[in-house]
Amino acid sequence: FGGIYREVNLRYVPPAHIEKIFGRAYDVMTENPRLEVDVWVRNQYDEAISGWLLIGLWNHQVNEDGSLDCLEQKSLQIELEPDGLKKITVILDNIGAVERWSINHPICYGLGGEFMISWEEVDDIGAFLFGFRQAIFKDDGFYLNGERVQLRGLNRHQMFPYFGSAAPERLQKRDADIIKYELGCNLVRTSHYPQSRHFLDRCDEIGLLVLEEIPGWQHIGDEEWQQISLRDVRAMIERDRNHPSIVLWGVRINESEDDHDFYTATNQLAHELDSTRQTTGIRYFQDSEFLEDVFGFNDFSNGVEEPSQTPHIITEFNGHMFPTKSFDGEERRVEHALRHARIQSQATTTGGVAGAIGWCAFDYNTHKEFGSGDRICYHGVMDIFRIPKYAAYFYASQIAPQQKIVLQAATIWSMGDRSVGGNDPLTIFSNCDEIEVFAGKENYGRFTPDVSNYPSLPHPPFTITGLGMRWGEAFGDLYVIGYLNGEMVAEQRVACDGQPVALLFEADDTELHADGMDMTRLVFKLVEQYGNPLPYSTEVIMFEIDGDATLIGTNPFALIGGGAAVYLRAGHTTGKVIVTAKTARFDPVSITIDIV
C-alpha cells in the first residue's frame, strides 16, 4: 500500500529542546540495577546557551492521589554550542530494587526528561514506558531474566480488510491482544517492516515479545538503495529501542541472498545504535553467511531441520506450503492445524532451536503474482477478519488452563465432508488433561492427549479413533466434556444436521471516540443450534446504520466461511449509533455503540 497510512504528529518545540532519549539498563539481575540514559539536546539558537537537564525514573505503582513516586532524578548543568546537537549520558545508579519486565509480569516504569533555562521549563519530553529485563539468545535457546523460555510465535502483517494498513490505535492494539490472549503466543515477528507504535506499545503492556525487522522482501538493490535500507535500520532502532518487548533487531532483507558488505554494515549500525540487543537476519537457506548474533531461518521443510548455526530461531514455517481458507474442506483445515502442532512440537526438542514463529497470524492482501485468485494470501491461522481457523485453536490450546480453558473439536461433524466419509480420526484441541466423547447417546470413552505424536507440546491435541460411523446410518450430535484433575471444566456440542438457526452480530467494543477515525470490528455469523459457525453458509447479510458513523465493508455481504466482519468508524458527533444486520431468513440483530 502507498500513502500516509497512520496518524501524523507534529511536536512543537522551543529552539533548545530534547530531541531523543535512550535508556539502557545494566545489572538487571542484581538488587542494584543501574540505568544509563543517553539524551540528545539540540540548540537551534545562534548563540551558546547554558541550561539544566533533568532525567527521572518513576515507579509503576500509582498512589491513592493518582501521583507516581520518583525512584531517582538527576539534574546536570550543560553548555550547548550554537546551532548544535549534544549527547549527554546520565547515570541513575541509586534506583534500588526494581520489578523485572517479563512475559507474565510486564512491569513498566516511566522514564522521562526536561530541559530548563534559569530553572524555567523550556522543554518537557514527557515520560514513556521503560522495562528492566535481561533478554539473551544463547546456543541452547532464549533466556529471559535468567530463565529459558521456549518461543512460540506467529508472524504478523498489519493488514486489515477494506482499508489495508490504515488501522487506528484501537485495532492495532487489539491485534497484540489477539496474538497473546487468543492465540497463546509469547513472541511476534513484525514481518517485514516496523509496525505501528500502538501495536508495540501494547506488546510492552501485555508482555508479548517482539522481533522487529527492516522493510524489504528478497530484493537487494544498488548502492543508493542500500543506503536507504541503512537509513531504515537507523529509523527503526532510534524510534523503537526503548520498548522492553523488543528482543531482536532484524537487520537483513527477508529471504535475500548473502551480501557481505551490505549486511556487515547493517549489523554494525544496529550494534552502534543499541548495544543492549542482539541482531538477527532472516534467510531461507542454512549455508548462508552468518554475520548477526542469532541465525534466523525460514524452514519450509514441513519439519524442523537441524540447525547449522546457533543461536538459532525458526522465523517462518508452513505458510505458502499449505494455504488454507476458512471455507476449505475439513481435511485440509485439520491438516493445516496439525502441521503447526507437529512443527511447534519438533522445535521444542531440536537442540539449539530457540523456538518457532509460524507463518502467519492473519490472512492478508497481496499482489496477483503471489496470492490466491482473489489476491489474498490464505496463510493465517485466522482469516483476514481475525476469525479463527482450526489452527488458531491449536495455538489457543497451548495456553495454561489456569489462565483459560480451551476445548474445541476440529470438525463440523458431518458424514460426507472427508474423503471416504465419516469423522475418524477426530481431532480435538484442548488444554484439559482428559476428555470424554459422545456421539448421540453413544459414549466412546475417555481420552488423554496424543503424547506419542506430539511429545513436546505443553498440551498435545487429542486424537479420537474408533468412532465407527458408516454411510447411511444415523448418528447424533457430538458432545465433548473436558476434565482437569478429574473435574469437569468445559463442554462443547456440535449439531449433526448443519442447519442454521440464528444470525449472530457482535461488536468488539461498545464505545468509540468521536475523533473521526476510531474503529471497531462488527462480526457476523450464521450458527447452528449450539452456536457453532457453518462454513458453507451463503446467506446475504444487509446492514443499516443510524447515527454519525461510517460502515466500512461490503454491504450487502454474501457470507462465505461461516463468518466475516465489517468495521464501524466513528464520526465527530457524540451520541448513540445503531447498526442492524438483516437476512431474509432470520430476525434482524442490532448493535448499539456509544460515541463519546
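How many bridges pair strand 2 (residues 34-43) with strand 5, and in which sense? I looked up this pair to begin. Strand 2 and strand 5 pair over 9 bridges, in the antiparallel sense.

**Ground rules.** I am working with a predicted model, where local features need pLDDT of at least 70, side-chain atom pairs count only at pLDDT 80 or more, and totals for chains, interfaces and linings use all residues. Residues are numbered from 1 along each chain as its sequence is written, and side-chain values use heavy atoms, with hydrogens and water left out.

I noted some terms too. Strands (E, at least two residues) and helices (H or I, at least four) are DSSP runs, numbered from the N terminus. Two strands pair if DSSP finds at least two bridges between them. Strands of a sheet pair through backbone hydrogen bonds, either parallel or antiparallel.

**Entry: the open sheet.** I found an open sheet of 3 strands in the order 1-2-5, with antiparallel pairing. Strand 1 and strand 5 (84-92) stand at the edges with a single partner strand each, so each has one side without a neighbour in the sheet. On average, neighbouring strands of this sheet are turned by 20° against each other, direction ignored. Axes here are lines fitted to C-alpha atoms, for helices over the stretch in contact, and angles run from 0 to 180 degrees between N-to-C directions. I also checked Val 37. Val 37 stands opposite Val 90 in strand 5.

**Entry: the barrel.** Next I traced a closed barrel of 8 strands, running 11-12-13-14-15-16-17-18 with parallel pairing. From one strand to the next, the twist averages 25°. Helix 5 (residues 330-349) packs on the sheet and touches strand 11, strand 17 (312-316) and strand 18 (353-358). The direction of helix 5 makes about 165° with that of strand 18. Contact means heavy atoms within 4.5 Å.

I then followed the bridges. Strand 11 (residues 151-156) and strand 12 (residues 187-190) run parallel and are joined by 4 bridges. Gly 153 has Leu 187 as its bridge partner in strand 12. Strand 11 is also joined to strand 18 by 4 bridges, again parallel. Strand 17 and strand 18 run parallel, with 2 bridges.

Which residue of strand 18 is the bridge partner of Arg 152? I found Ala 356. Ala 356 is also the bridge partner of Ile 314.

Is strand 18 largely enclosed or open? 6 of the 6 residues of strand 18 are buried, so the strand is largely enclosed by the rest of the structure. Buried means under 20% relative accessible area, exposed over 50%, and partly exposed in between (1.4 Å probe, protein chains only).

**Entry: Asn 318.** I found Asn 318 in the loop between strand 17 and helix 5. Asn 318 is buried, with a relative accessible area of 4%. Leaving aside neighbours within four places in sequence, its contacts are Asp 299, Phe 300, His 336, Arg 339, His 340 and Trp 359.

**Entry: cavities.** I set down the method before the numbers. On a 1 Å grid over the protein atoms alone, a cavity is a set of points where a 1.4 Å probe fits but cannot get out; a pocket is an open set with protein on both sides within 12 Å along at least five of seven lines; lining residues have an atom within 4 Å of a point. Grid points are joined across faces, edges and corners, and a volume is the space filled by probe spheres set on the points.

The structure holds 2 cavities of 30 Å³ or more. The largest has a volume of about 60 Å³. Helix 1 (residues 169-182) gives the largest share of its lining, 4 residues. The second largest cavity has a volume of about 40 Å³. Asn 318 turns up again here, among the lining residues, as do Asp 299, Phe 300 and Arg 339.

**Entry: the largest pocket.** This pocket has a volume of about 970 Å³. I counted 23 lining residues, of which Glu 19, Arg 197, Glu 238, Arg 239 and Asp 240 lie nearest its centre. Strand 7 supplies the largest share of the lining, 5 residues.

I looked up one residue of strand 7, Phe 128. Phe 128 counts as partly exposed, at 23% relative accessibility. Not counting residues up to four places away in sequence, Phe 128 touches Ile 21, Tyr 109, Gly 110, Leu 111 and Asn 242.
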